[in-house]
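Here is a short briefing to keep beside you while you turn the structure around on your screen. Take a look first, and then we can walk through it together.

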Amino acid sequence: MNKLRILDELAIEIRTCPKCRLAETRTNAVPGEGSGTARIMFVGEGPGENEDKTGRPFVGAAGQFLNQLLRQAGIAREDVFITNIVKCRPPMNRVPLEDEVEACSDYLMAQIAVIEPKFVIPLGGAALKTLLGPQLKITQSRCKVFRKSGILYIPLFHPAAALHNSRLVETLQADIQTLKELLARDIRDDEITDLSPRVQ
Ligand code: URA
Ligand code: SF4
């Protein structure tokens with residue numbers, strides 16, 4: 001079946017999803033957008049005010065900075081898929097709670113399964129912990145390459161973090177160049193931290 005059609009059907013389901021308390025306070029759910037055959041997927045934390053208003057991911061200030069970073073990496077936004085670990089805005093932009101992330105995770109897992117990206121880029125600590133494990137820290141994991149279930153994960157700081165900390169602007173700009181370089185070459189096995197469940 002056509003991947004975009006499956007993603008569209010998922011998006012329809014997400015827009016009326018009642019599965020957690022964030023449904024009560026959202027204006028619009030934000031399923032995500034981009035290419036159904038994306039080689040690279042970016043996963044943020046959750047919609048903010050502008051995303052909630054428009055129903056589109058990363059369209060506010062953090063989104064503008066993400067767009068700039070994508071341009072600097074030579075990545076066209078329409079060639080990637082961009083989404084979040086929760087599809088509805090947490091009130092006051094608080095970090096999503098564990099039960100909300102859990103309730104929403106089937107959608108993210110389904111999106112990853114349909115798109116079959118080669119690379120997933122978790123943006124920030126919340127996406128990192130959800131996708132790769134609660135023990136990981138974004139400061140230590142950024143720009144490292146992890147492998148889980150055949151997909152390579154390269155975490156980056158969240159672009160919104162740089163809006164409050166100007167030193168992170170330069171860090172993210174350097175990290176996006178590292179990402180660009182990693183995406184363009186073969187990554188050796190000894191550069192990869194394997195998180196796949198052990199085969200018994
Ligand atoms: N921050 C996020 O994590 N996701 C968005 O979509 C916008 C801001
Ligand atoms: Fe459903 Fe996810 Fe929105 Fe919760 S955050 S209501 S699980 S789409």
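Seven strands make up an open sheet with mixed pairing, in the order β1-β3-β2-β4-β6-β5-β7. At its edges are β1 (33-34) and β7 (192-194), each of which pairs on one side only. Please keep in mind that this is a predicted model. The points below go from the sheet to a helix that lies across it, then to the surroundings of ligand 2, and finally to two single residues, Q111 and G150.

**Inside the sheet**
- Strands of a sheet can pair in a parallel or an antiparallel way, through backbone hydrogen bonds.
- The pairing between β4 (residues 119-122) and β6 (residues 151-153) is parallel and runs over two bridges.
- If you would like a spot to zoom in on, V120 stands opposite Y153 in β6.

**The helix across the strands**
- Helix α6 (residues 125-132) lies across β2 (40-44), β4, β5 (145-148) and β6.
- Relative to β4, helix α6 runs at about 135 degrees.
- Five residues to pick out in α6 are A126, A127, L128, L131 and L132, which are buried.
- The cover over the buried residues of α6 includes the strands β2, β4, β5 and β6, along with the helices α5 (98-115) and α7 (138-141).
- Just after α6 comes G133, with a positive phi of about 130 degrees.

**Around ligand 2**
- Ligand 2 takes up the space of the largest cavity.
- The residues surrounding ligand 2 include the cysteines C17, C20, C88 and C104.
- Also around ligand 2 are I14, K19, L22, A23, R26, K87, A103 and Y107.
- Helices α2 (22-25) and α5 each give at least two residues to this shell.
- The largest share of the shell, three residues, is supplied by α5.

**Two residues to compare**
- Is Q111, which sits in helix α5, buried or exposed? With a relative accessible area of 2%, Q111 is under the 20% limit and therefore counts as buried.
- Leaving aside residues up to four places away in sequence, Q111 touches L7, L10, I14, P31, M41, F81, T83 and K87.
- Two of these contacts of Q111, I14 and K87, also belong to the surroundings of ligand 2.
- G150 is found in the loop between β5 and β6.
- G150 counts as exposed because its relative accessibility is 64%, and the cut-off is over 50%.
- Between the C-alpha atoms of G150 and Q64 there are 31 Å, with 86 residues separating the two along the chain.

Conventions: Residues numbered from 1 in each chain as written. Chains lettered and ligands numbered in written order. Predicted model: local features only at pLDDT ≥ 70, side-chain atom pairs only at ≥ 80, totals over all residues. Heavy atoms only, no water. Pairing = 2+ DSSP bridges. Helix = DSSP H or I, 4+ residues; strand = E, 2+ residues; numbered from the N terminus. Contact = heavy atoms within 4.5 Å. Axes fitted to C-alpha atoms, helices over the stretch in contact; angles between N-to-C directions. Buried < 20%, exposed > 50% of the residue type's maximum accessible area, 1.4 Å probe, protein only. Near = heavy atom within 4 Å. 1 Å grid on protein atoms, 1.4 Å probe; cavity = no way out; pocket = protein on both sides within 12 Å on 5 of 7 lines; lining within 4 Å. Sits in = over half its atoms within 2 Å of the grid points.
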